[in-house]
Amino acid sequence: MAEIDLIPGTPIKLSEAKRRKLEKELSTLITDMETQNRPLFENMKIWEANYEARPKNPVKNFPFKNASNIVIPLAKMMVDSRTASTWNSIHGAGRNIWQGVTQNEDWEDISKQVTRYINWQADGNDFDFAPVSYDAILESNIHGSAVLAGHYRDVSSYVYVKRGGKVIPTKVAWNRGPLIEHVPRHQILWDTSYKSISEAPVVIRQFSKTWSEIAGLAESSDGWYPDELKFIRDHPGMDGPTEDLMKAQAELDSRGATPELFAPHDIREVTVSWPNLQAAGISRGDIELPKNHNAKTPLVDFVATIHRKTERIIRLVAQPYFYTGKPFFDIFFHKRVGRGHSVGMVKILEQLQAAMTTIFNQGTDAQTRANSIWGKTNIRALVDKPIDPSQWIFDPTMQGVAPLDFQGSDFSNIQLIQLIQATAERLSGQADPAFGRETRLGGHSAPATTTLALLERGNTLTAPDRGLLKRSLGRIGEFVATVDQQFETNEDNKIRRVLGDLDGRKVEEFMFPEGPVATNLRFNIRGLSREDNPDAEMQKQISVGQVNQNYWASVFRMTEAWVQQIQILPDEVKPVMNEALAQGLKSTTQTYKRFLDAVDIDDTENFLLALDDANSPIGQLVEAFSSRAREGAGAGGFGQGPGSVAPPGIPTTNGAAGVPGVPGEPQSL
């Protein structure tokens, strides 16, 4: 019997003793990672409160009772503005999110149809990428980073249908295909000293699952330990520093405690590389594999599912996907140098929001005093009978009444607030939602000098972050195509139903190929690419079209001039004319080729005269013109002279031609 490889997704069996050893090692690792990230989770509570503009105290009694206690939501304004701008760049370009890019000409047609298919999958069919990307972008702007996870799911369940007068259970497939989901930042841990989460040796993801959800997962997938599932059933409860953060989020959402009946289990999914398992004392021989297993097969990453409260491994499988690295994708706001970490806009704007809040509240309090306190008096009756909106100040040392002159809010406060806002825009890279700070500060109000210019400058400031985001989301497109290639059997003719017979056949060629996606096809995000987004693509095509028209107009003019002049020029001048035409065509073609290279056109042969191809008729003609010109004027002109031989396809003046012509008359091209 042939040897069996340890392919991705293979259930892994360990002896009970080895499981206990691995449980201890992984549980200790989880605890250490939680301890390392505890300060981050504490800061995340502060950042979320600042984003929601929550005051520290519900009531403020300084400098007087019920003083102004407004928090200016500067961070929220900047975060929401940038989130909307980035999300709209991705999804505002139409339904198509990804654009396939390949350098292999044989893959061009397949690339186009595969891209159509994965865009269809992401448009609420196999999964809905719009809300997922919104959560990730918003979280990265608030906390500095966010994580997306890739899966493949085949969701089936039983429904009751009536057949032959009887109600019987029938299994129905609800969903089959890739799934991209957002993982809340506090529910995933890895060593951020690595540049990307996919490169980290260990990734720990936290789930909050009820017992019924766990049982459903065990029913629909392999690799679960039934005895361990029975053991954990009566041990619900969350654990770790994320519990405090989740309680703070519930408070921000005006939500109380979870009812005991729906108390979730704390489940950890640990994706660990094989060398780390070896370091934990697990050898290849400890894994219970079929006897005919191929011992030379490299071991892939393992995925251990652990019940945190009981520290029991309830599932163990090989990494289920044929994919380079771990199936997680991180995005950042202002990524730190050389490591996978960042802080978000809320932290960066923390001091500016506090300054703007202080200035606003002080100005409001000053205006409140100026509007509310009428004056001072020694007449008790005026104090005992308050005058709306507030009371007089009692002064027994004076006679009668005297007004008080309180200065209102100074206009300089407004200028300070505008200065803070301008600084915040520079720090965040996101212009004010009104798109016109220049107008508010007294600049020219014409849109051509404010809105468009500021938008362009804003795009410049955000270009690095948008470029890194484009790469991360492009890898998601590659993952979707990879798992399609790995799992899609097309047994219900799904692909042709989506794309039609002709295009569907091309995708089917891709789904069952010999080579992987990664070596032949990559994906760009159309809306985030400066070159590939629809607006830029239209402008690019317009420019190429204009230059293309000018190029061919020049070719036709030169050819026409040659045809006209060659008939009337003296024989001794004709070689010079031939040389001029050849050089003109070559120089014009070379200039146009450099333009096409500059705008990244791959198939330049479809745009240019084939002057460099000696086997093409055009190349032979131009070479013939040049060589005849080099013979000199003494050769007797075009097609004349001792020993002259007509080049292929060029008629001579005596009718001996490579192509049929009129004897004695030169022919036009």
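A residue counts as buried when its relative accessible area is under 20%, as exposed when that value is over 50%, and as partly exposed in between. The structure used in these exercises is a predicted model.

**Exercise 1. Two residues with positive phi**

Decide whether E311 is buried, partly exposed or exposed, and find the loops in which E311 and H334 are placed.

Solution. Begin with E311, whose relative accessibility is 37%; because this value falls between the two cut-offs of 20% and 50%, E311 counts as partly exposed. Next, look along the chain, where E311 is placed in the loop between β7 and β8 (312-318). The backbone of E311 deserves a second look, since its phi is near 60°, a positive value in a residue other than glycine. Most residues other than glycine have a negative phi. Now repeat these steps for H334, which is found in the loop between β9 and α9 (345-348) and has a phi near 55°, again a positive value in a residue other than glycine. With a relative accessibility of 29%, H334 counts as partly exposed.

**Exercise 2. The protein as a whole**

State how many helices and strands the protein has, and what share of its residues is buried.

Solution. Counting the elements gives 19 helices and 13 strands. Turning to accessibility, 42% of the 669 residues in the protein are buried. A last step concerns the contacts in the protein with a separation of 6 or more, of which 70% are accounted for by residues 24 or more positions apart.

**Exercise 3. Aromatic pairs**

Describe the geometry of the pair formed by F329 and F479, and explain why this pair ties together parts that are apart in sequence.

Solution. A pair of aromatic rings is described by the distance of the centres and the angle of the planes. The structure holds 13 aromatic pairs. In the pair of F329 and F479, the centres are 5.8 Å apart and the planes stand at 65° to each other, which makes the pair edge-to-face. To explain the tie, place each ring in its element: F329 lies in strand β9 (residues 328-332) and F479 in helix α14 (residues 451-487), so the pair joins parts that are 150 residues apart in sequence. Both partners can then be checked for burial, and F329 is buried with a relative accessible area of 1%, while F479 is buried with a value of 0%.

For comparison, Y551 and W552 also form an edge-to-face pair, with 5.1 Å from centre to centre and 75° between the planes. Here Y551 counts as buried at 3% relative accessibility, whereas W552 counts as partly exposed at 24%. Finally, F329 and F479 belong to one aromatic cluster, which is formed by Y152, Y321, Y323, F329, F479 and F487.

**Exercise 4. The largest cavity**

Find out which residues line the largest cavity, and which element gives the most to this lining.

Solution. Start with the count, which comes to three cavities of 30 Å³ or more; the largest cavity holds about 50 Å³ of space. Its lining is made of E34, F41, H186, Q187, I188, L189, I204, R205, Q206, T242 and R268. Sorting these residues by element, one finds that α1 (16-51), β4 (188-190) and β5 (202-209) each supply at least two of them, and that β5 gives the most, with three residues. Sorting them by character instead gives four nonpolar, four polar and three charged residues.

**Exercise 5. Neighbours of three residues**

For T115, G281 and N125, list the contacts, leaving aside neighbours within four places in sequence.

Solution. T115 lies in helix α3 (residues 108-122) and counts as buried at 7% relative accessibility; its contacts are W98, Q99, G100 and F523. G281, by contrast, has its place in the loop between α8 (274-279) and β7 (302-307) and is partly exposed, with a relative accessible area of 31%. The contacts of G281 are K18, K21 and D286, and the C-alpha atoms of G281 and K21 are separated by 8.0 Å although these residues are 260 residues apart along the chain. N125 is placed in the loop between α3 and α4 (129-143), is partly exposed at 32%, and is in contact with W120 and N175.

Methods
Residues are numbered from 1 along each chain as its sequence is written. This is a predicted model: local features need pLDDT of at least 70, side-chain atom pairs count only at pLDDT 80 or more; totals for chains, interfaces and linings use all residues. Side-chain values use heavy atoms; hydrogens and water are left out. On a 1 Å grid over the protein atoms alone, a cavity is a set of points where a 1.4 Å probe fits but cannot get out, and a pocket is an open set with protein on both sides within 12 Å along at least five of seven lines; lining residues have an atom within 4 Å of a point. Grid points are joined across faces, edges and corners, and a volume is the space filled by probe spheres set on the points. Helices (H or I, at least four residues) and strands (E, at least two) are DSSP runs, numbered from the N terminus. Ala, Val, Leu, Ile, Met, Phe, Trp, Tyr, Cys and Pro count as nonpolar, Asp, Glu, Lys and Arg as charged, and the others, Gly among them, as polar. Rings of Phe, Tyr and Trp (its six-membered ring) pair if their centres lie within 6.5 Å; planes under 30 degrees apart count as stacked, over 60 as edge-to-face and the rest as tilted. Buried means under 20% relative accessible area, exposed over 50%, partly exposed in between (1.4 Å probe, protein chains only). Contact means heavy atoms within 4.5 Å.
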